[in-house]
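Here are some notes for a colleague on the cysteines and on one of the pockets, set out as numbered points to be read alongside the coordinates.

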Amino acid sequence: MTLTEADLPRVRGKLSFGAPLAPYTWFRVGGPADALFLPTDEDDLASFLSQLDLSIPVTVLGIGSNVIVRDGGIEGVVIRLAGRGFGAVEVKGTQIMAGAAVPDAMVARKAAEAGIVGLEFFSGVPGAIGGALRMNAGCYGAETKDVVTEIRAVTRVGERVTLTNAQMGYSYRHSEAPTDMIFTSAVFEGEAGDPDEISAAIEALQARRGDTQPIREKTGGSTFANPDPPGTPDQRSSWKLIDAADCRGLRVGGAQVSELHCNFLINTGEATASDLEALGELVRARVRETSDVDLRWEIRRIGRIRA
Ligand SMILES: Cc1cc2nc3c(=O)[nH]c(=O)nc-3n(C[C@H](O)[C@H](O)[C@H](O)COP(=O)(O)OP(=O)(O)OC[C@H]3O[C@@H](n4cnc5c(N)ncnc54)[C@H](O)[C@@H]3O)c2cc1C
């Protein structure tokens, strides 16, 4: 689809055409967006969506730590919430309100400073709040659904809505909220605690992560969700199934299964999105053969295979 300024509503934020997306993703792969929109704030976003022709597809991106953008790029408009209008963080008692563009780790830090217990797990998730709300992000036994109480969003037609935790239809790394809904901010609730103890818990969590995950590589975190419902003890973790299928270190082109954590795929330098996706499918096939389990992709693969 070729889009020009004439096809799109006027905005206050930034619009660009044929915009490269690889720099906006952790994997650093993928083709361009037909159009990329960086809204200034929620008003700009709602006004744009209310006037945007319904035949134009819309895709939202956060920090890009859980996506493979395919080599053919993304059709229609990609919306990336990055501006200051989505970057507020406010503490009220044991509640914390955060905009969709706020890094999860910052929410964990602000909660610690304010003596709010329960949000430490956010320090282990390298995304932003919008992505956490969509993915029900979590780690080490805690997840977004445990702490979120209210979510603000804008629908595909530009309507502003507020959702409750129950309306998000959360399950493991998944939300049933409409896929074209864009989350703009949320309120999280913890319990009162001691700031020093919370900060120490965050430090311990980050040290553990650094030792067990390739966090400095071009990666997308856990590639496959853990089987749900879990099977036998050996089938409860995707990494165990992948290890049993002898996939550690496996390569396709420039894509490799991490030696450190075999549920992580890595772009070793020159990988394409198609290398990464083919490697993921090879792992799935091997696990199916060895353990008869069908792994579900946790990483979102978005866009056209070829332009
Ligand atoms: C090294 C590494 C470690 C990781 N460890 C963990 C972990 O321990 N636990 C965990 O849960 N995840 C982990 N991840 C995955 C990832 O960080 C999370 O899924 C994160 O929540 C994604 O947020 P993001 O802003 O990067 O979203 P993106 O990757 O940009 O997008 C992910 C999905 O969310 C949607 N989305 C993004 N923003 C919005 C919005 N504002 N409104 C609606 N939908 C939106 C996108 O459309 C897409 O479907 C890890 C990733 C890496 C690279």
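1. Please keep in mind throughout that this is a predicted model. Within it, C247 is a buried residue, its relative accessible area being 0%. As for pairing, the closest cysteine sulfur to that of C247 belongs to C262 and lies 7.9 Å away, which is too far for a bond, because a disulfide requires two cysteine sulfur atoms within 2.5 Å.

2. The result for C247 agrees with the search of the whole structure, which finds zero disulfides. C139 is likewise in no disulfide, and the nearest cysteine sulfur, again that of C262, is 18 Å away. C139 has a relative accessibility of 13% and therefore counts as buried, since the cut-off for that class is under 20%.

3. Turning to the second largest pocket, its space comes to about 190 Å³. There are 15 residues in its lining, and those that lie nearest the centre are E42, M97, R152, T184 and S185.

4. In terms of secondary structure, at least two lining residues of this second largest pocket come from each of strand 7 (95–99), strand 11 (148–154) and strand 15 (182–189). Strand 15 provides the largest share of that lining, with four residues.

5. For anyone considering the chemical character of the second largest pocket, its lining is mixed, with six nonpolar residues, five polar ones and four charged ones.

Technical notes. Residues are numbered from 1 along each chain as its sequence is written. This is a predicted model: local features need pLDDT of at least 70, side-chain atom pairs count only at pLDDT 80 or more; totals for chains, interfaces and linings use all residues. Side-chain values use heavy atoms; hydrogens and water are left out. Buried means under 20% relative accessible area, exposed over 50%, partly exposed in between (1.4 Å probe, protein chains only). On a 1 Å grid over the protein atoms alone, a cavity is a set of points where a 1.4 Å probe fits but cannot get out, and a pocket is an open set with protein on both sides within 12 Å along at least five of seven lines; lining residues have an atom within 4 Å of a point. Grid points are joined across faces, edges and corners, and a volume is the space filled by probe spheres set on the points. Ala, Val, Leu, Ile, Met, Phe, Trp, Tyr, Cys and Pro count as nonpolar, Asp, Glu, Lys and Arg as charged, and the others, Gly among them, as polar.
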